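Here is a short report on one protein and the ligand bound to it. Aromatic pairs come before the overall fold, and the ligand site and some loop residues follow.

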Amino acid sequence: FFVLGLGYGAQVTTLVRFSAQASELGHAARVVRELKAAEELPEGDAPADPGDGSVEFVDVSFRYPGATRAALHGVSFRADPGTVTALVGPSGAGKSTVAQLVCRFFDVDSGAVRVGGSDVRALPFAELMERVSFVLQETFLFDDSIDANLRLARPEAGTDEVEAACRAAQAHDFITALPEGYATRIGEHGARLSGGQRQRLSIARALLKDAQIIVLDEATAFIDPENEVATQAAIDELVRGRTVIMIAHRLSTVVGADQILVIDDGQVTERGRHAELLGRDGRYAQMWQAFESAEQIALGRAVHDGTV
Ligand code: ATP
């Protein structure tokens, strides 16, 4: 459901394979008609350890089909349950590629991606999809009711469960303020909602699915103060007790991360917590300085304009 905005064919194929429910299949078929299908990847049949919510990259190298340069070289890290791993780095560094490989949108060229202790190539697709939820900037929403969009995550969910997920995701209030509440149709790609509302719906959907592993692409496109507070509260709820891999665009959100991976040109060039990395005075420290100056300039401008 997260695929269309990104425009990758492989995700669509993955989505279709993962869509066990008839309602999802109907929607997925529509997506496929809009995008060209990608190559099929062979499915594994060895179930992962159900108690293990870890994600591990072991010396992963990967080049997109047809690309001349590798997008990742020799990437290794481990993300444990109850921790947040933040990926930071310049545009084109490889952050989204890491996120996509967690869910096996593509197969690595060398090394391995492990979910729940198992190589993703050995897992049944349905199991992988059950374990991982994606919350991406471009949330995929259908021109259907809010309720139907949320239930894509778990069609059998009760009304109380849907509502609880929406309350936790700070979405319940805006939904009930709409003319038809949960029955409101949201337009193609959720066009009748604001960007922040779309992201909170996507978070509610992930909460409803209750997967152990969350891949989160932090939104930047629609940050206004009201949405920022609500979206941050929703994210805090989502990450609690789960394994989170977060593509961070604003460094302010990575300060509390358990592990920050600085990705540059397809490689992990620094890793550690915020304070550690600042102390190292390397790439992260430079990025942080640039971030702080930009924030100060923005604040100065807001004070000057009288908006703060
Ligand atoms: P951003 O912050 O701008 O989203 P990123 O760090 O997420 O960037 P990626 O999207 O992972 O970077 O891209 C890593 C490299 O792979 C870039 O050189 C990019 O051009 C390339 N790339 C990404 N997607 C594809 C694709 N589908 N086909 C070919 N090359 C791709």
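## Aromatic pairs

Phe-62 and Phe-106 are both buried. The model is a predicted one. The rings of Phe-62 and Phe-106 make a tilted aromatic pair, with centres 5.4 Å apart and planes at 40 degrees. Phe-62 belongs to strand β1 (residues 55-62), while Phe-106 sits in the loop between α3 (95-102) and β4 (110-115), so their pairing ties together parts that lie 44 residues apart in sequence. Tyr-64 joins in as well: ring pairs link Phe-62, Tyr-64 and Phe-106 into a cluster. The protein has six aromatic pairs in total.

Another of these pairs is formed by Trp-288 and Phe-291. Their ring centres are 5.3 Å apart and their planes meet at 40 degrees, so this pair counts as tilted. Planes under 30 degrees apart would be stacked and planes over 60 edge-to-face. Both residues belong to helix α11 (residues 283-305). They are three residues apart there, which means a separation of about one helical turn. Trp-288 is buried, and Phe-291 is buried too.

## Overall fold

How many helices and strands does the protein have? The secondary structure comes to 11 helices and 10 strands. The protein has 308 residues, and 52% of them count as buried.

Consider contacts between residues at least 6 apart in sequence. Of these, 72% join residues at least 24 apart. The exposed surface of the protein is about 13700 Å². Carbon and sulfur atoms supply 50% of that area.

## Ligand site

Eleven residues surround the ligand, and those that come nearest are Ser-91, Gly-92, Lys-95, Ser-96 and Thr-97. Several polar approaches involve ligand oxygen atoms. In Ser-91, a side-chain N or O atom is 2.6 Å from an oxygen atom of the ligand. For Lys-95, a polar side-chain atom lies 2.9 Å from a ligand oxygen. The corresponding distance for Thr-97 is 2.5 Å, again from a polar side-chain atom to an oxygen atom of the ligand.

Taken alone, the ligand exposes 630 Å², and the protein buries 63% of this area. What classes of residue make up the shell around the ligand? The shell has five nonpolar residues, five polar residues and one charged residue.

## The loop at Thr-83

Thr-83 lies in the loop between β2 (72-79) and β3 (84-88). Its side chain reaches the backbone oxygen of Asp-80 at 2.5 Å.

Which residues does Thr-83 contact, leaving aside its neighbours within four places in sequence? They are Arg-242, Thr-243, Val-244 and Asp-258.

## Positive phi angles

Arg-104 is not a glycine, yet its phi is positive, at about 55 degrees. Arg-104 is in the loop between α3 and β4. That loop also holds Phe-106. Is Arg-104 buried or exposed? Its relative accessibility is 1%, so Arg-104 counts as buried; the cut-off for buried is under 20%.

Asp-265 also has a positive phi, near 50 degrees, and is likewise a residue other than glycine. It is found in the loop between β9 (259-264) and β10 (267-272). Relative accessibility for Asp-265 is 40%, so this residue counts as partly exposed. Exposed would require over 50%.

Terms used: Residues are numbered from 1 along each chain as its sequence is written. This is a predicted model: local features need pLDDT of at least 70, side-chain atom pairs count only at pLDDT 80 or more; totals for chains, interfaces and linings use all residues. Side-chain values use heavy atoms; hydrogens and water are left out. Rings of Phe, Tyr and Trp (its six-membered ring) pair if their centres lie within 6.5 Å; planes under 30 degrees apart count as stacked, over 60 as edge-to-face and the rest as tilted. Helices (H or I, at least four residues) and strands (E, at least two) are DSSP runs, numbered from the N terminus. Buried means under 20% relative accessible area, exposed over 50%, partly exposed in between (1.4 Å probe, protein chains only). Contact means heavy atoms within 4.5 Å. Accessible areas come from the Shrake-Rupley method with a 1.4 Å probe; for residues, only the protein chains shown count as cover. A polar contact is a pair of N or O atoms within 3.5 Å; within protein, one must be able to donate a hydrogen and the other to accept it, and residues adjacent in sequence count only if both atoms are side-chain atoms. A residue is near a molecule or strand if one of its heavy atoms lies within 4 Å of it. Ala, Val, Leu, Ile, Met, Phe, Trp, Tyr, Cys and Pro count as nonpolar, Asp, Glu, Lys and Arg as charged, and the others, Gly among them, as polar.
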